[in-house]
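Reader: Hello! I am new to this structure and would love a close look at its nonpolar core. Could you walk me through that part and then show me where it sits in the wider picture?

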Amino acid sequence: MFTLDNFYKSYEWRDLVCVLRIERTHKDGVLYCEHCGRPIIKAYDCIGHHKIELTEQNVNDYTISLNPDNIMLVHHKCHNMIHERWGYVKQKQVYLVYGAPCSGKTTWVREVAGKEDLILDVDNIWQMITVNDRYTKPGRLKTNVFLVRDCILDMIRTRTGNWRHAYVIGGYPFAMDRTRLEQSLGAQSIFINEAKETCLERAKASERHGWDKYIEQWFDNYSA
Ligand SMILES: [Zn+2]
Ligand SMILES: [Zn+2]
């Protein structure tokens, strides 16, 4: 039996979206968004939308929840637009956006998130409570930064407030940590799976000195 909460994390749903992605990829090798018609470049930017909205009542009716005819493949951003326009959103969605340093997590969230979404990005907290630039993180302040983070995590976990979606951004290379967070927050994971070389190039280009080490470490630790 599915609930709305576990349906999107289920093997059946993930597998169906994978199959549809392959089936709907055009002859030119491009998957086009069924909302805006533009290419969906990154797999993580592709989301399956149910035309007939899923509810606790119909989620176990597979002619609705797992019916390809009821599913559109769209950009994440387009998906948010569809839901806002038609007033679909009743349940708050939480996304865990993870990947290597410099993989483009923050950039992607900035691209897709709306004005009424809650963003938890630890880099922002460091900046908020110190005079430092984005990438200077003195160890002495760790406890304070993490306490602010935990406070926001708690708001997300308990769905406190009137936000629409929440995006939790972090490295989270370990599968165990992600599973724990997914469960405690009721979140769906989005893996920003950029190649190591690209991350290293970006670190260099943005003069984030010493970040090669963090990137290498992340890829060493990463478990799928
Ligand atoms: Zn689109
Ligand atoms: Zn949808």
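Author: Happy to help; here is a walk from the core outwards.

Please keep in mind that this is a predicted model. The largest nonpolar core is made up of 21 residues. Within this core, L96, V97, Y167 and V168 have the most contacts. Four elements each supply at least two of the core's residues: the strands β3 (93-98) and β5 (165-170), and the helices α5 (105-112) and α8 (175-185). Of these, β3 gives the most, with 5 residues.

V168 is a good place to pause. If you set aside its neighbours within four places in sequence, V168 is in contact with V94, L96 and V97, and also with L120, I156, L185 and A187. There is another core as well, lying apart from the one we have been exploring; this other core has 7 residues, and C33, I40, L73 and V74 are among them.

Now let us step back to the whole chain. The domain assignment divides the protein into domain 1, covering 1-90, and domain 2, covering 92-224. Between the C-alpha centres of domain 1 and domain 2 there are 24 Å. Where the two domains meet, 9 residues of domain 1 are in contact with 11 residues of domain 2. On the domain 1 side, helix α4 (residues 76-85) gives the most, with 4 residues. By character, the residues on that side of domain 1 are 3 nonpolar, 2 polar and 4 charged.

Conventions. Residues are numbered from 1 along each chain as its sequence is written. Chains are lettered from A and ligands numbered from 1 in the order in which they are written. This is a predicted model: local features need pLDDT of at least 70, side-chain atom pairs count only at pLDDT 80 or more; totals for chains, interfaces and linings use all residues. Domain bounds come from an automatic or database domain assignment. Two residues are in contact if their C-beta atoms, placed from the backbone, lie within 7 Å. Ala, Val, Leu, Ile, Met, Phe, Trp, Tyr, Cys and Pro count as nonpolar, Asp, Glu, Lys and Arg as charged, and the others, Gly among them, as polar. A nonpolar core is a set of buried Ala, Val, Leu, Ile, Met, Phe, Trp, Tyr and Cys residues joined through C-beta atoms within 7 Å. A residue is buried if 20 or more other C-beta atoms lie within 10 Å of its own, exposed if 12 or fewer, and partly exposed in between; C-beta atoms are placed from the backbone.
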